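User: I have a model open beside its sequence, and I would like to understand the reasoning behind some of the labels attached to it. Could you take me through them with the cut-offs in hand?

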Amino acid sequence: MSDRSMLQVEGLTFRYEDMQMVFDLTLARGQCLAVLGPSGAGKSTLLSLIAGFEKPLSGRVLVAGEDVTQRKPADRPVTSLFQEHNLFAHLTVEQNVGLGLDPGLRLDAAQRHAVAGELARVGLEGLEKRRPAQLSGGQRQRVALARSLVRDKPLLLLDEPFSALDPGLRLEMLDLLRQLQAERNLTVVMVSHNPQDARRIAGETAFVCDGRIVAAGPTEALLAAREPAALRAFLGPEAG
């Protein structure tokens with residue numbers, strides 16, 4: 001495995017109902033990979049296997065050169081962000097972010113400073129004492145993003161985190177994520193149904209169909225080639 005590789009998925013197999021999934025993937029440190037594909041293709045399962053929420057039948061996952069296949073999700077150098085932001089309604093914004101550091105919210109001064117810094121970085125300075133119900137949908141996703149970032153893990157997994165937002169807000173969040181990824185040299189894997197999301201943020205794209213990565217490469221080249229046929233069908237007719 002290259003010293004530059006942050007993520008390597010080797011012969012990872014998983015069965016869901018009658019679908020046998022097999023994944024192989026290598027991602028360099030600091031890269032952003034979009035994972036596109038139709039519903040039910042296995043995109044979210046791939047993320048769950050990397051994060052440890054699902055157990056593979058065989059194969060292994062290496063992060064920063066270490067085999068983490070048998071580790072629990074909390075023991076992996078990985079953070080996951082989902083469409084459902086999973087904020088706790090009874091906790092304030094700063095408490096929800098603080099959960100990323102300590103589930104018991106027993107934070108020392110340095111940790112409280114880190115929480116404040118992440119909230120400022122995602123544009124929520126001054127809203128620390130509000131509760132989720134007092135925030136917009138975009139603000140709630142910013143809280144969830146801050147909670148992910150405060151954990152300071154090198155690999156960030158995103159499962160359609162912004163798909164429920166209005167188009168303008170979605171683009172705003174993608175741009176913020178792209179900026180944060182570049183600043184911190186994060187390695188990012190983002191599942192999406194939207195090719196425009198891939199174009200906006202990801203240098204590399206993988207296309208998943210029927211439990212396999214059937215095409216992968218630089219985003220613009222992959223989407224322009226429209227091959228194989230499954231990718232062409234997913235993208236739909238070319239604009240005239």
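Analyst: Gladly; please keep in mind throughout that this is a predicted model. A good place to begin is the pair α4 and α5, which are described as roughly parallel to each other.

User: Why are α4 and α5 called roughly parallel?

Analyst: Helix α4 (residues 137–150) and helix α5 (residues 167–184) pack at an angle of about 15°, with their axes 11 Å apart. Angles under 35 degrees count as roughly parallel, and α4 and α5 are therefore placed in that class. The handedness of their crossing is right-handed.

User: Which residues make the contact between α4 and α5, and what makes up that contact by class?

Analyst: On the α4 side the contact is made by Gly138, Gln141, Arg142, Leu145 and Leu149, while α5 contributes Leu169, Glu172, Met173, Leu176, Leu177, Leu180 and Arg184. Sorted by class, the contact of α4 with α5 holds seven nonpolar, two polar and three charged residues; Gly counts as polar in this scheme.

User: What makes the aromatic pair of phenylalanine 207 and phenylalanine 234 tilted, and not stacked or edge-to-face?

Analyst: The structure holds one aromatic pair, and in it the rings of phenylalanine 207 and phenylalanine 234 lie 5.5 Å centre to centre, with 50° between the planes. Centres within 6.5 Å qualify as a pair, and because planes under 30 degrees apart count as stacked and those over 60 as edge-to-face, the rest are called tilted; the 50° of this pair falls into that remaining class. The pair also links distant parts of the chain, since phenylalanine 207 belongs to strand β9 (residues 204–209) and phenylalanine 234 to helix α8 (residues 229–235), 27 residues apart.

User: How do you know whether phenylalanine 207 is buried or exposed, and where does phenylalanine 234 stand by that test?

Analyst: Buried means under 20% relative accessible area, and exposed means over 50%. Phenylalanine 207, at 1% relative accessibility, therefore counts as buried, whereas phenylalanine 234 has a relative accessible area of 22% and so is partly exposed.

User: Why is helix α1 said to be largely enclosed by the rest of the structure?

Analyst: Helix α1 (residues 43–51) has nine residues, and eight of them are buried, so the helix is largely enclosed by the rest of the structure. The buried residues of α1 are Lys43, Thr45, Leu46, Leu47, Ser48, Leu49, Ile50 and Ala51. After α1 comes glycine 52, with a positive phi near 95°.

User: What is noted about phi in alanine 64 and aspartate 210, and how are these residues classed by accessibility?

Analyst: Alanine 64 has a phi near 55°, a positive value in a residue other than glycine, and it lies in the loop between β4 (58–63) and β5 (66–67). Aspartate 210, likewise not a glycine, has a positive phi of about 55° and is found in the loop between β9 and β10 (212–218). With a relative accessible area of 38%, alanine 64 is partly exposed, while aspartate 210, at 54%, counts as exposed because the cut-off is over 50%.

User: How do you know which form the peptide bond from glutamate 227 to proline 228 takes?

Analyst: The omega of that bond is near 5°, and the peptide bond from glutamate 227 to proline 228 is cis. Proline 228 is found in the loop between α7 (219–225) and α8.

Note on methods: Residues are numbered from 1 along each chain as its sequence is written. This is a predicted model: local features need pLDDT of at least 70, side-chain atom pairs count only at pLDDT 80 or more; totals for chains, interfaces and linings use all residues. Side-chain values use heavy atoms; hydrogens and water are left out. Axes are lines fitted to C-alpha atoms, for helices over the stretch in contact, and angles run from 0 to 180 degrees between N-to-C directions. Helices (H or I, at least four residues) and strands (E, at least two) are DSSP runs, numbered from the N terminus. Angles under 35 degrees count as roughly parallel, over 145 as roughly antiparallel, 65 to 115 as roughly perpendicular and the rest as oblique. A crossing is left-handed if the near helix is turned anticlockwise from the far one by less than a right angle, and right-handed if clockwise. Contact means heavy atoms within 4.5 Å. Rings of Phe, Tyr and Trp (its six-membered ring) pair if their centres lie within 6.5 Å; planes under 30 degrees apart count as stacked, over 60 as edge-to-face and the rest as tilted. Buried means under 20% relative accessible area, exposed over 50%, partly exposed in between (1.4 Å probe, protein chains only).
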